[in-house]
Amino acid sequence: MIKKEINADLRKGMDTESFREDIRNHLRYTLAKDSYSTTEWDHYKSVVLAVMDRLNDRWVHTQQRYYRDDVKRVYYISMEFLIGRLLDNMLVNLGMQQAAADALEELGLDYDMIRSSELDAGLGNGGLGRLAACFLDSMATMGIPAVGYGIRYDFGIFTQSIVNGYQIEKPDLWLQYGNPWDIIRPKIQYNVPFYGESHAYHDDTGRLRFEWQHTRDARAMAYDTPIPGFKNDVVNNLRLWKASSPTTIDLASFNQGQYIEAVKETQLNENISRVLYPNDKVFVGQELRLKQEFFLVSASMQDLLRRFRKTNSDWRKLPEKVAIQCNDTHPNLAIPELMRVLIDQEGLEWELAWEITRKTISYTNHTILPEALEKWPVSLLRNLLPRHLQIIYEINRRFMKEVALKVGDDRSKMGRVSIVGEGENPVVHMAHLGIVGSHKTNGVAALHSDLIKKTLFRDFYEIYPDRFTNKTNGITPRRWLRQCNPELADLITGKIGEEWVTDLDKIRKIESFIDDKAFMKAFEEIKLKNKQHLADYILEHNNVKVNVHSMFDIQIKRIHEYKRQLMLTLYGIAQYNRIKENPDLDVVPRTIILAGKAAPGYTMAKLFIKLMNDVGEKINNDPDMEGKLNFLFLENYSVTLAEKMIPAADLSEQISTAGFEASGTGNMKFALNGAITIGTLDGANVEILEEVGKENIFIFGLNVDDVDLMRHEGYDPWEYYHAQPELKKALDQLRDGFFNQEKHLYQPIIDSLLHNGDYFLVLADFEAYLKEQEKVDDLFRNKDEWFRKALLNTARVGKFSSDRTIKDYADEIWKVKTHS
């Protein structure tokens with residue numbers, strides 16, 4: 001009996017000794033390994049299991065408390081959760097990172113080696129998924145009862161290899177050894193129907209009812225990952241759904257020797273959770289993508305309604321106990337699905353069901369680009385989700401009737417806001433469905449929210465002005481400073497205490513140390529150490545030795561034309577040409593570093609990657625550039641790589657065409673870690689400028705109004721080509737094969753800039769960009785002044801904590817209370 005109590009204590013103890021012994025016990029009794037058979041993965045897994053012991057108790061207590069208090073819960077539904085590696089994050093939030101490191105040292109293990117054994121959970125494509133992960137961290141830290149719902153993809157965002165300068169996509173094998181952080185819940189499974197037909201009938205009261213019949217079902221199984229808050233004993237849940245089949249094998253076909261046919265249905269169902277974002281340029285890929293979205297929505301809806309019904313029988317109370325947040329348009333099928341459940345299964349009248357649905361669901365818009373808004377062909381929905389299409393048509397019919405009362409006979413406006421488009425191949429506009437079927441639609445930065453009201457959703461804003469709101473994105477300071485930049489975090493904590501970790505506004509207190517020479521020296525030395533860590537990584541992976549005293553000029557984003565990695569590349573070429581023309585030129589040494597993935601079907605973005613690598617090859621192998629200029633593209637960008645690059649940055653490149661970036665969160669991460677931004681007045685850059693002060697940021701180029709005016713008056717890129725000799729020379733070098741012997745390789749880039757209108761205005765902004773970069777150089781020559789401004793960036797970005805964002809959601813959209 002005494003021995004059992006000791007073992008129980010070992011699983012809860014937060015001290016070094018308890019943690020050490022728990023690791024030992026898991027290695028032997030859970031994994032059945034000894035010193036002869038143990039691998040590096042076994043050591044890592046035993047550490048994870050010891051951490052899970054400490055999480056599980058808190059996890060159970062948190063969920064029990066939520067049930068006991070009958071709290072309102074938030075359900076955050078997202079196709080992406082880019083959670084990255086979890087070990088550091090879990091230990092930081094448990095407050096036992098040092099105890100764990102000490103325990104491993106006593107076991108003869110290296111903490112850095114252990115954490116490097118973990119594979120990134122790449123369940124997202126970029127900012128959307130990383131934002132969702134930050135939000136989960138904030139909700140747990142603030143004690144908001146919440147569940148994240150997503151898909152447990154077998155293969156996440158592809159692994160990027162660079163071969164001869166080209167991006168090559170390989171499967172992301174993040175589950176090749178299993179995932180020790182998740183707990184399978186085999187008893188939590190739901191059937192998800194597809195296909196079939198909608199059958200109309202009259203019930204005993206004579207009321208017209210509908211039943212979805214003859215469906216072909218997939219099966220969703222729950223896998224749970226704990227999400228701990230920071231030192232508050234709250235552990236929320238990320239529930240990911242894995243697809244399988246209700247029947248594993250067609251035994252009759254198998255016994256007749258038809259082995260492939262016997263497992264065909266199982267394989268087709270399992271494909272639903274196979275890959276993050278299948279290529280939807282072909283019909284089967286498009287159908288699979290829609291299947292994924294409904295699979296996520298259906299399983300999540302069944303799960304959350306099951307939880308609601310445990311303690312409630314009155315459907316009118318659903319909005320009082322449930323808040324569903326759709327992260328972008330992907331989960332907006334939640335609207336017709338909840339309507340189907342309430343009307344078809346629970347027998348509610350349409351009006352009451354609609355009121356409940358609207359009050360329960362809210363929708364976040366993440367884009368300004370009309371072409372990026374999801375539109376599903378009616379023909380596809382009719383085949384795959386016939387009952388939902390009926391419900392969407394009825395929602396639209398009633399909405400059109402409502403609009404007609406407000407706008408009269410304005411057919412043009414009615415056509416623009418219709419959920420279902422007209423024409424030979426009609427489509428369902430998922431963003432329109434999200435606006436009509438929810439009580440709030442939010443943008444993700446002040447500029448973005450203003451733009452969608454003025455442009456993209458102007459007609460909707462005129463109809464429903466109270467439904468639109470702004471919730472500027474944020475980042476969790478736990479991962480994006482406390483975890484990824486521990487020396488800077490310790491420096492700050494040593495001066496102002498640890499309150500900033502959960503109240504980032506408090507970080508402003510470090511401004512008072514701007515004239516403290518010892519503090520500023522330490523701030524500068526930490527930046528240099530972080531640059532050395534990144535330089536070591538570059539030497540190991542790119543075989544290029546960089547000057548750590550040079551300016552680390554970094555742009556890390558998805559590769560896209562509007563993000564304008566091309567402009568930074570052209571700047572690198574111009575800088576190269578300057579040095580070649582005058583080898584004695586007194587230049588500020590620069591190391592330009594880019595990273596990011598291009599969508600597999602995005603030909604132009606993949607050509608940009610080839611160009612970046614070719615430019616790097618030329619510059620990095622030219623002896624005239626030694627110590628003066630390097631140009632690098634780092635392959636396979638991930639959360640883990642971001643955690644190396646962001647703390648090392650001197651200059652943060654946020655140079656998208658004004659009006660195209662909804663928010664951005666990389667800009668916030670860089671600023672928090674003491675990088676100075678060069679950027680356009682786009683996305684959250686506008687608010688960063690307001691927070692840090694115009695003298696502590698480099699802003700250049702056209703603003704949103706300028707862009708509109710230029711397009712209206714007519715823009716001729718050739719004028720800019722001929723007027724700017726450095727730009728002309730760089731483009732001529734691309735055209736003439738200077739960076740690649742295949743002379744016409746970069747002709748598509750030349751065509752897009754000069755012959756097809758330069759839609760993203762790279763040439764129009766280039767001269768202003770060059771001039772702003774000269775100001776950057778001038779400041780970098782004065783190191784004391786540079787680091788004063790860098791410190792002010794760190795000190796003044798408290799607004800951009802995801803805790804603040806989540807508080808705004810909680811107070812103004814979800815109407816939930818914190819319970820920490």
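Trainee: In this predicted model, in what order do the six strands of the open sheet stand?

Mentor: Happy to start there! The sheet is open, and the pairing of its six strands is parallel. Reading across it, the order is β20-β19-β18-β21-β22-β23.

Trainee: Which strands stand at the edges of that sheet?

Mentor: Look for strands that have a single partner strand. One side of each such strand is left without a neighbour in the sheet, so these are the edges. The two are β20 and β23 (698-699).

Trainee: Which residue of β20 is the bridge partner of isoleucine 592?

Mentor: Strand β19 (residues 590-595) and β20 run parallel, and six bridges join them. Following isoleucine 592 across to β20, you arrive at its bridge partner, phenylalanine 631.

Trainee: And which residue in β22 stands opposite serine 652?

Mentor: Here we move to strand β21 (residues 651-654) and strand β22 (residues 676-679). These two also run parallel, with four bridges between them. Opposite serine 652 in β22 stands threonine 677.

Trainee: How many of the six residues of β20 are buried?

Mentor: Let's take the two faces in turn, because in a regular strand the side chains alternate between the two faces of the sheet. On one side of β20, Leu629, Phe631 and Phe633 are buried, and on the other Asn630, Leu632 and Leu634 are buried too. Strand β20 (residues 629-634) is therefore largely enclosed by the rest of the structure, and the count of its buried residues is six of six.

Trainee: Which helix makes a β-α-β unit with β19 and β20, and what is the hand of the unit?

Mentor: The unit is made of β19, a helix and β20. That helix is α24 (residues 603-620), and the unit is right-handed.

Trainee: Now for the rings! Is the pair of phenylalanine 523 and phenylalanine 787 stacked or edge-to-face?

Mentor: A pair of aromatic rings is described by the distance of the centres and the angle of the planes. A search of the whole structure finds 29 aromatic pairs. In the pair of phenylalanine 523 and phenylalanine 787, the centres are 6.3 Å apart and the planes stand at 90 degrees. Angles over 60 degrees count as edge-to-face, so this pair is edge-to-face.

Trainee: How many residues apart in sequence are the parts that this pair ties together?

Mentor: Phenylalanine 523 lies in helix α22 (residues 517-542), while phenylalanine 787 lies in helix α33 (residues 783-795). Phenylalanine 523 is buried at 5% relative accessibility, and phenylalanine 787 is buried at 8%. The pair ties together parts whose separation in sequence is 264 residues.

Trainee: How far apart are the C-alpha atoms of methionine 520 and leucine 791?

Mentor: Methionine 520 lies in helix α22 and counts as buried at 10% relative accessibility. Among the residues methionine 520 touches are Phe787, Arg788 and Leu791. Methionine 520 and leucine 791 are 271 residues apart along the chain, yet their C-alpha atoms are separated by 8.4 Å.

Trainee: Is tryptophan 718 buried or partly exposed?

Mentor: Tryptophan 718 and tyrosine 721 are three residues apart in helix α29 (residues 717-723), about one helical turn. Tyrosine 721 counts as buried at 5% relative accessibility. Tryptophan 718 has 29%, and buried needs under 20%, so tryptophan 718 is partly exposed.

Trainee: Which lysine lies over the face of phenylalanine 738?

Mentor: The model has charged ends over rings, including that of arginine 185, which sits over the ring of tryptophan 59 at 5.6 Å from its centre. For phenylalanine 738, the distance to the ring centre is 4.4 Å, and the residue is lysine 618.

Trainee: Which helix gives the largest share of the largest nonpolar core?

Mentor: That core has 139 residues, and Val51, Met139, Trp181, Phe194, Trp241 and Trp814 have the most contacts inside it. Ten residues make up the largest share, and they come from helix α10 (residues 283-311).

Trainee: Last one: is leucine 761 buried or exposed?

Mentor: Leucine 761 lies in the loop between α31 (747-755) and α32 (762-781). Its phi is near 60 degrees, a positive value in a residue other than glycine. With a relative accessible area of 0%, leucine 761 is buried.

Terms used: Residues numbered from 1 in each chain as written. Predicted model: local features only at pLDDT ≥ 70, side-chain atom pairs only at ≥ 80, totals over all residues. Heavy atoms only, no water. Phe/Tyr/Trp six-rings, centres within 6.5 Å; stacked < 30°, edge-to-face > 60°. Buried < 20%, exposed > 50% of the residue type's maximum accessible area, 1.4 Å probe, protein only. Lys NZ or Arg CZ within 6 Å of the ring centre and 35° of its normal. Pairing = 2+ DSSP bridges. Right-handed = clockwise from strand over helix to strand, strands pointing away. Core = buried A, V, L, I, M, F, W, Y, C linked by side-chain atoms within 4.5 Å. Contact = heavy atoms within 4.5 Å. Lists of a residue's contacts leave out its neighbours within four places in sequence.
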